[in-house]
Amino acid sequence: QVQLVESGGGLVQAGGSLRLSCAASGSGFSISAMGWYRQTPGKQRELVASITSSGSTNEVDSVKGRFTISRDNAKNTVYLQMNSLKPEDTAVYYCNALIRSWGPLKTYWGQGTQVTVSS
């Protein structure tokens with residue numbers, strides 16, 4: 001059974017930084033694309049940034065220049081470095097991965113980690 005475990009959320013003042021990590025665990029799997037989403041109460045989950053298996057990245061306009069997504073394939077881990085945080089970045093952040101494990105590609109989600117940015 002493949003699991004995604006997130007860490008790194010917390011409370012930070014506006015202008016500060018946080019680094020989120022998400023590690024995939026299990027056996028007999030390979031990871032394709034990975035990404036980070038966020039969700040606030042009453043709103044749909046939105047894509048923040050994504051990264052392909054070869055390292056190509058994409059970020060939503062609202063975080064470009066402030067957030068950086070990266071991955072360590074040897075550790076099956078994806079990171080989200082968040083700099084110059086703003087109160088509007090406050091949300092629960094979820095990692096996402098397309099994983100093949102003894103069958104077709106499936107989408108997996110982390111448990112979510114709260115990021116709170118105070119003004």
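1. A disulfide here means a pair of cysteine sulfur atoms within 2.5 Å. With that in hand, how many disulfides does a search of the whole structure find? The search turns up one. Please keep in mind as you read on that this is a predicted model.

2. The disulfide in question joins Cys22 to Cys95, with an S to S distance of 2.0 Å. Cys22 sits in strand S3 and Cys95 in strand S9 (residues 91-100), so the bond ties together parts that are 73 residues apart in sequence. Are these two cysteines buried or exposed? Both Cys22 and Cys95 are buried.

3. Strand S3 is a good place to pick up the first sheet. Four strands make up an open sheet, in the order S1-S3-S8-S7, with antiparallel pairing. Strand S1 (3-7) and strand S7 (67-72) are at the edges with a single partner strand each, so one side of each has no neighbour in the sheet. On average, and ignoring direction, neighbouring strands of this sheet are turned by 15° against each other.

4. A closer look at the S1 edge may help when you rotate the model. S1 pairs with strand S3 (residues 18-25) in the antiparallel sense, over five bridges. Within this pairing, Val5 stands opposite Ala23 of S3, and Gln3 has Ser25 of S3 as its bridge partner. The two faces of S1 can also be told apart: Leu4 and Glu6 form the covered face, while Gln3, Val5 and Ser7 form the uncovered one.

5. Now to strand S9, which carries Cys95. Why can S9 be called largely enclosed by the rest of the structure? Seven of its 10 residues are buried, so the description fits. For the reasoning, buried stands for under 20% relative accessible area.

6. Several strands pair with S9. S4 and S9 run antiparallel to each other and share eight bridges; in this pairing, Gly35 has Asn96 of S9 as its bridge partner. S9 also pairs with S11 in the antiparallel sense, over three bridges, and there Ala91 is matched with Val115 of S11.

7. Strand S10 (residues 105-109) is another antiparallel partner of S9, with five bridges between them. Arg100 stands opposite Leu105 in S10. The hairpin of S9 and S10 has four residues between the strands, and in it Trp102 takes a positive phi near 60°. That is a spot to check if you look at backbone angles.

8. Which residues touch the most other members of the largest nonpolar core? They are Trp36, Leu80, Met82 and Tyr93, in a core of 29 residues. At least two core residues come from each of S3, strand S4 (30-39), strand S5 (46-51), S7, strand S8 (77-82), S9 and strand S11 (113-118). S9 gives the most, with five residues.

9. Met82 is worth a stop of its own. Setting aside neighbours within four places in sequence, Met82 is in contact with Gly16, Ser17, Leu18, Leu20, Arg66, Phe67, Tyr93 and Val115. Tyr93 from this list is, like Met82, among the core residues that touch the most other members.

10. On to the charged side chains. Side chains of opposite charge can pair when their charged atoms come close. The count here comes to four salt bridges. Arg38, Glu46, Arg66 and Asp89 are linked in a network of them.

11. Arg38 takes part in two of the pairs described here. It forms a salt bridge with Glu46, the closest N and O atoms being 2.7 Å apart, and one with Asp89, where the closest N and O atoms are 3.0 Å apart. Asp89 lies in the loop between S8 and S9 and Arg38 in strand S4, so their pair ties together parts that are 51 residues apart in sequence. Arg38 counts as buried at 8% relative accessibility, and Asp89 counts as buried at 1%. Glu46, at 34%, counts as partly exposed.

12. Asp61 and Lys64 also form a salt bridge, with the closest N and O atoms 3.3 Å apart. Asp61 is exposed, with a relative accessible area of 61%, and Lys64 is partly exposed, at 47%.

Conventions:
Residues are numbered from 1 along each chain as its sequence is written. This is a predicted model: local features need pLDDT of at least 70, side-chain atom pairs count only at pLDDT 80 or more; totals for chains, interfaces and linings use all residues. Side-chain values use heavy atoms; hydrogens and water are left out. Two strands pair if DSSP finds at least two bridges between them. Axes are lines fitted to C-alpha atoms, for helices over the stretch in contact, and angles run from 0 to 180 degrees between N-to-C directions. Buried means under 20% relative accessible area, exposed over 50%, partly exposed in between (1.4 Å probe, protein chains only). A nonpolar core is a set of buried Ala, Val, Leu, Ile, Met, Phe, Trp, Tyr and Cys residues joined through side-chain atoms within 4.5 Å. Contact means heavy atoms within 4.5 Å. A salt bridge is a side-chain nitrogen of Lys or Arg within 4 Å of a carboxyl oxygen of Asp or Glu.
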